[in-house]
Amino acid sequence: MTGWIHGLGGFLWRSAETTGYGLVLLARTISQLPHLMTRRRLRDSLDLCYIYCTGSFTVTAVVALFTGMILALNGGLSLQELGQESLIGRIVAVSLIREMGPFMTALILTASIGSGIAAELGTMKISEEIDALRIMSISPVRFLILPRLVALTLVTPVLTIFAGLIGIIGGIFVAHFQLGVGWMAFRNDALEALTLEDIQTGLFKSVVFGVTIATVGCTQGLLTRGGATGVGQAARRAVVVSFLLIIIMGYYISWSFLT
């Protein structure tokens, strides 16, 4: 019994310590934003934006397309029993723009980019490259963390918008060819249901998710210990922690906008 309590206490202590480290790292990175206007930092951030977009766009597009098709099929069949299949446009559009678009984009970026950031920085930490930067009076936060945080914060809303649009296109195809709902009827219903608040909620979520994924990935990377095994553990923890935070924060952001 005592061992179990000690284990739980140790877990909570490590979690609190890591959370504090991550929040301090985020604050320090934000304080370095004025240095983003230098040619080197701006170029690094734009290069990472391109890498992150091209590396995740195909997967995001495929997932978004079939998510829209699944939403249209399941929702349409249920509405068809009530004779209201013409309302499928609003279900697909609002769900994708407000909830599913930011959520699935964030999960994809967590698995593809967040874990990569953790592994990359973790490898640099194990090989003492970060310590070498400090010896040369180069700020690791400014040189490594800032470009990654800015790039992922910019890329996530962009991919979220594309995911929403591609998902709606998938929903249109299913609604038209399998449910008999016309293109114009789907479009008109979607535009009638969508509000500016829905778009703002989706974009706000995507920005928060982007900051979260980058912060968690950088935190786990900088805290890496134990050689190659530690790098793998850091990448795995980055994915798990990011998933949990995305789900929890997604709920509270939705709740705050709806109340």
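This is a short working chat about the helices, a salt bridge and a surface patch of the predicted model above.

Student: What should I keep in mind about the numbering and the model?
Tutor: Residues are numbered from 1 along each chain as its sequence is written, and side-chain values use heavy atoms, with hydrogens and water left out. The model is predicted, and local features need pLDDT of at least 70, side-chain atom pairs count only at pLDDT 80 or more, and totals for chains, interfaces and linings use all residues.

Student: How many helices and strands are in the chain?
Tutor: The chain has eight helices and zero strands, where helices (H or I, at least four residues) and strands (E, at least two) are DSSP runs numbered from the N terminus. Its C-alpha atoms fill a box of roughly 70 × 60 × 35 Å along the principal axes.

Student: At what angle do α3 and α5 pack?
Tutor: The angle is about 145 degrees, with the axes 7 Å apart; axes are lines fitted to C-alpha atoms, for helices over the stretch in contact, and angles run from 0 to 180 degrees between N-to-C directions.

Student: And where do α5 and α7 come in?
Tutor: Helix α5 (residues 140-177) and helix α7 (residues 196-222) have axes that come within 8 Å and cross at roughly 145 degrees. Among the residues that meet there, with contact meaning heavy atoms within 4.5 Å, are Leu149 and Leu152 in α5 and Val207 and Val211 in α7.

Student: Switching topic, how many salt bridges are there?
Tutor: The count comes to six, taking a side-chain nitrogen of Lys or Arg within 4 Å of a carboxyl oxygen of Asp or Glu. One of them joins glutamate 192 and arginine 90 at 3.9 Å, N to O.

Student: Which parts does that pair tie together?
Tutor: Glutamate 192 lies in helix α6 (residues 183-193) and arginine 90 in helix α3 (residues 88-126), so the pair ties together parts 102 residues apart in sequence.

Student: Which residues form the nonpolar surface patch?
Tutor: Val240, Leu244, Ile248, Tyr251, Tyr252 and Trp255 form it, and leucine 244 is found in helix α8 (residues 227-258).

How values were computed. Patches are made of residues with over 30% relative accessible area and no salt bridge: like charges are joined within 9 Å, nonpolar side chains (Val, Leu, Ile, Met, Phe, Trp, Tyr) within 5 Å. Accessible areas come from the Shrake-Rupley method with a 1.4 Å probe; for residues, only the protein chains shown count as cover.
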